[in-house]
Amino acid sequence: MFNRSKQNPILRPNPKHHWESEKLYNPGAIFCNEKYHLYYRAIGHGKNWKSDIGYAVSKDGEKFKRFKSPLLTSENKIEKRGLEDPRITKIDDMFYMTYTAFDGITPRLSIATSPNLKKWQEHGPVFSDWSFDEAGGVYKKWNEEGKIFTKLKQKEWSKSGAIFPEKINGQFYMLFGEYNIWFATSSDGLHWTGDQKPFLGARRGNFFDNTFVEMGPPPIKTKKGWLVLYHGIDKKYCYRIGFLLLDLNNPRKIIHRSTDAIFEPIMDYELGGIVDVISGGLDKMENMSKLELKKYLQENAKKKIVPKVVFCCGAILKNKTLSIFYGAGDSVICTANTNIDKILNLTKLI
């Protein structure tokens, strides 16, 4: 379905920049002023690994010039462990960036705005009273034996927000969430009200998304409906990309849900890496030396419980070419493209 760039990975950790010397991944993307703009999550090695948001630009979507310093970095207690997984949307003359503010325990979906893609104003968390567990949220994780356990999480647990690129019926719309995906609406684009029931969840059976789902990049408007890319995770801990097609006037109406994934990890750079959700997570890996970290990753790989991950926060439709920008193995940034009609032709509308 997708053709991977021969330049992959198009961005790797840079040892000359401490803040992005270990990992960079999960970029938001937008095409503006004849340039591709990437906003990516970056981590440097050392104590208390935290995520900053870096910025890079390109004329061709493959060769990027990155900036030496992070564009956004943590400034308060709820951002103690950093800013994660940005997604970019333009509505009218304003750019909206959603990202996850993480304090080490609780992820909180947050938002920033910019008139020019360079200077950003942070507005803080988007929700004031939305409850993860009361809205049907269930936390799922794998233990060191590779078995899934399920439990309720604390009330605050919001992330992966993707804003529709135009208002619908006078309101801002957003899809967000990990484990399940919910709708949220807003009158100003800054303060949001989340639904009390999930919009999309895992499917029973032999599907690529039979364990949980997580939102992908901002929805894309097509002639047949809103194209929504999302992540489906199966029982073997593999992150793949599937899609929805939603009604243009009533986005809560699903026209089509893909039976199979349209993109999955198959390349070496997608099948390994310093994956965040390895048992113990970044909290365990952050204090390891380079040698200890390498040994730890090898040991996990032998147990066959290392997640295989392609994670997409950014997608750009230019003419009929759909380009996705994704994190591979939570360690590098890659890109791939396809003709959007190949995806639309999979729907039941033909």
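**Group meeting talk: strands, a pocket, rings and cysteines**

Okay, let's start with a hairpin: β18 is joined to β19 through two residues. Before I go on, please keep in mind that what you're looking at is a predicted model.

So, staying with β19. This strand covers residues 225-233, and nine of its nine residues are buried. Which strands does β19 pair with? On the β18 side, residues 220-222, there are three bridges, and the two strands run antiparallel. If you want one contact to look for there, find K221, whose bridge partner in β19 is W226.

Then there's β17, residues 212-215, which is joined to β19 by four bridges, again antiparallel. Here you can pick out F212, with I233 as its bridge partner in β19. Hang on to F212, please, as that residue comes back later.

Now follow the chain onward from β19 to β20, which is residues 238-246; these two pair in the antiparallel sense over eight bridges. One of the matches is Y230 with G242 in β20. β19 and β20 make a hairpin too, with four residues between them. Take a look at Y237 in that turn: its phi is positive, about 65°.

Okay, next up, rings. How many aromatic pairs does a search of the whole structure find? It comes up with 34. I'll show you two. In one of them, F64 meets F325 edge-to-face, 6.2 Å centre to centre and with 90° between the planes. That pair links distant parts of the chain: F64 is in the loop between β4 (51-58) and β5 (65-66), F325 is in strand β23 (residues 321-328), and they're 261 residues apart. Are these two buried or exposed? Both F64 and F325 are buried.

My other example brings back F212, paired with Y239. This one is edge-to-face as well, at 6.2 Å centre to centre and 85° between the planes. F212 sits in strand β17 and Y239 in strand β20, with 27 residues separating them, so here too the pair links distant parts of the chain. F212 counts as buried because its relative accessible area is 2%, and Y239 is buried as well, at 6%.

Let's switch to a pocket, the second largest one. Its space comes to about 350 Å³. Who lines it? There are 15 lining residues, and those nearest the centre are I30, P165, A315, I316 and L317. At least two lining residues come from each of β2 (23-32), β6 (82-91), β18 and β22 (308-318). The largest share is from β22, with four residues. By character, the lining splits into 11 nonpolar residues, two polar and two charged.

Last topic, cysteines. How many disulfides does the model have? The count is zero. Take C238: it's in no disulfide, and the nearest cysteine sulfur, in C334, is 15 Å away. C238 counts as buried, because its relative accessibility is 6%.

And what about C313? Why is there no bond to C312, whose sulfur is the closest cysteine sulfur? Well, the two sulfurs are 6.8 Å apart, and that is too far for a bond, because a disulfide needs them within 2.5 Å. C313 is buried too, with a relative accessible area of 0%.

That's my tour. If you scroll back to one place, make it β19, with β17, β18 and β20 as its antiparallel partners.

Notes. Residues numbered from 1 in each chain as written. Predicted model: local features only at pLDDT ≥ 70, side-chain atom pairs only at ≥ 80, totals over all residues. Heavy atoms only, no water. Buried < 20%, exposed > 50% of the residue type's maximum accessible area, 1.4 Å probe, protein only. Pairing = 2+ DSSP bridges. 1 Å grid on protein atoms, 1.4 Å probe; cavity = no way out; pocket = protein on both sides within 12 Å on 5 of 7 lines; lining within 4 Å. Points joined across faces, edges and corners; volume = space filled by probe spheres on them. Nonpolar A, V, L, I, M, F, W, Y, C, P; charged D, E, K, R; others polar. Phe/Tyr/Trp six-rings, centres within 6.5 Å; stacked < 30°, edge-to-face > 60°.
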